[in-house]
Amino acid sequence: MTSRTTLLPAPDRVDFGRTVWTWRRAGTALRVERRSVLVCAALTVVLAALAVLTLGTGSISLSPGQVLSALFDPDADSRARLVVVNWRLPRLLFAIICGAALAISGALFQSLTKNPLGSPDVIGFASGSYAGASVVMLLLGTADYLAVASGSLIGGALTAFLVYLLAYRNGLAPFRLIIVGIAVGAFLSSLTSMLLLSVSPQQAMLAATWGAGSLSGLGFEQLRATAVVFVVLLICSAAVVRPLVHLELGDDAAVALGIRAQRARLAATLVGVALTALVTAAVGPISFIALAAPQIAQRLTRASTTVRIVPAALTGAVILVGADFVAQRVDLPVGVVTVCVGGAYLAWLLARRYAGRRG
């Protein structure tokens, strides 16, 4: 068995040979698992390598040195800076933010439902955001970025309220939340399909293209607003992690530790829905990142819980940046690539759980 410790020989020192690193200083302590730190460091290196590769490849190819020079040297070649900073960097940053946001949302919902299938795209919240944006584009007849983003956020919020209302019976049971969410998501997907069939082919094509999930055509103007909202939601996510960890032990144990179970679940639901709606509002629905990233991060860190937002966020960012790199090479929306990869992952996950139950 691996050894764990919460005490150190000196208040401001840490033993880097131990499984859990603990910093103590001025009456406060910070405990960090060594494997989690190493995994996060490795994911950061992989993400940086993918970023340089993405920024340097395309119709205009640049070497890694030219990419780094364009990013950090104000006196670099103006042509390289135009390609790297103005054209390609916003798309890369959107991929990082959206991948991290989806992964954190998935981690929150999988912890909330205690089920690896409890991601927002499976239980209907992504469908609600897509339906809200479709109403704006098809019924209101506008494709303005802020209007579509607002419709997506409103649609996601209303879907969360409806699912929560239908699933609440003297408390919020995780399994009931999943079943109700799947049903509501199926209804909203049918509603969106009906809207697509009731409008002109040009309008339907516009909505369908956006619904495929694409990172193209986005610049720093849209990125600023998305980044600010993401930072706010990231802080909110950190605030709801501790109650969720206690809730995984059971409501009785959580209440004994002073956690208000229903309030914690509601807060986690709102934050998770907001993260999903943010991504859908910015780039359209991107499936399966929220489903796969938390599970991959949990296996890499060997953690007992999926609600580790830093490893999950880095894993989601790596997956989406990699998927977007592939999407640019085959000239497809990134949402199509994630559906292809995520569908195979979902089939494997279901087969593994079914085989485990039979065994």
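Start by selecting helix H6, residues 174–197 (helices here are DSSP runs of H or I, at least four residues, numbered from the N terminus): its 24 residues reach 35 Å from first C-alpha to last, close to the 34 Å expected at 1.5 Å a residue. That expected span is 1.5 Å times one less than the number of residues.

Before moving on, keep in mind that this is a predicted model, where local features need pLDDT of at least 70, side-chain atom pairs count only at pLDDT 80 or more, and totals for chains, interfaces and linings use all residues. Numbering runs from 1 along each chain as its sequence is written, and side-chain values use heavy atoms, with hydrogens and water left out.

Still on H6, colour the buried residues (under 20% relative accessible area, 1.4 Å probe, protein chains only): Leu177, Ile178, Val180, Gly181, Val184, Gly185, Leu188, Thr192 and Leu195. An α-helix has 3.6 residues a turn, so residues three or four places apart point the same way. Now show H3 (78–113), H4 (125–139) and H5 (145–167), which are among what covers those buried residues.

Next, the largest nonpolar core (buried Ala, Val, Leu, Ile, Met, Phe, Trp, Tyr and Cys joined through side-chain atoms within 4.5 Å). It holds 78 residues, and Phe94, Leu108, Leu275 and Val283 have the most contacts inside it. H3 is its top contributor, giving 19 residues. Zoom in on Val283: leaving aside residues up to four places away in sequence, it touches Phe94, Cys98, Trp210, Gly213, Ser214, Leu215 and Leu218 (contact means heavy atoms within 4.5 Å).

Where is the empty space? A cavity is a set of points on a 1 Å grid over the protein atoms alone where a 1.4 Å probe fits but cannot get out; lining residues have an atom within 4 Å of a point. Two cavities come to 30 Å³ or more, with volume being the space filled by probe spheres set on the points.

For the largest, about 60 Å³, select Leu102, Pro120, Asp121, Ala126, Thr276, Val279, Thr280, Gly284, Pro285, Ile286 and Ala290. Helix H10 (261–283) supplies the largest share of that lining, three residues. By class, the lining is seven nonpolar, three polar and one charged.

Last stop: the second largest cavity, about 30 Å³. Select Ser111, Leu112, Lys114, Leu244, Leu247, Glu248 and Arg265 to see its lining. H3 and helix H8 (220–247) are the elements giving two or more residues to it. Here the split is three nonpolar, one polar and three charged, with Asp, Glu, Lys and Arg counted as charged, Ala, Val, Leu, Ile, Met, Phe, Trp, Tyr, Cys and Pro as nonpolar, and the others as polar.

Note on methods:
Buried < 20%, exposed > 50% of the residue type's maximum accessible area, 1.4 Å probe, protein only. 1 Å grid on protein atoms, 1.4 Å probe; cavity = no way out; pocket = protein on both sides within 12 Å on 5 of 7 lines; lining within 4 Å.
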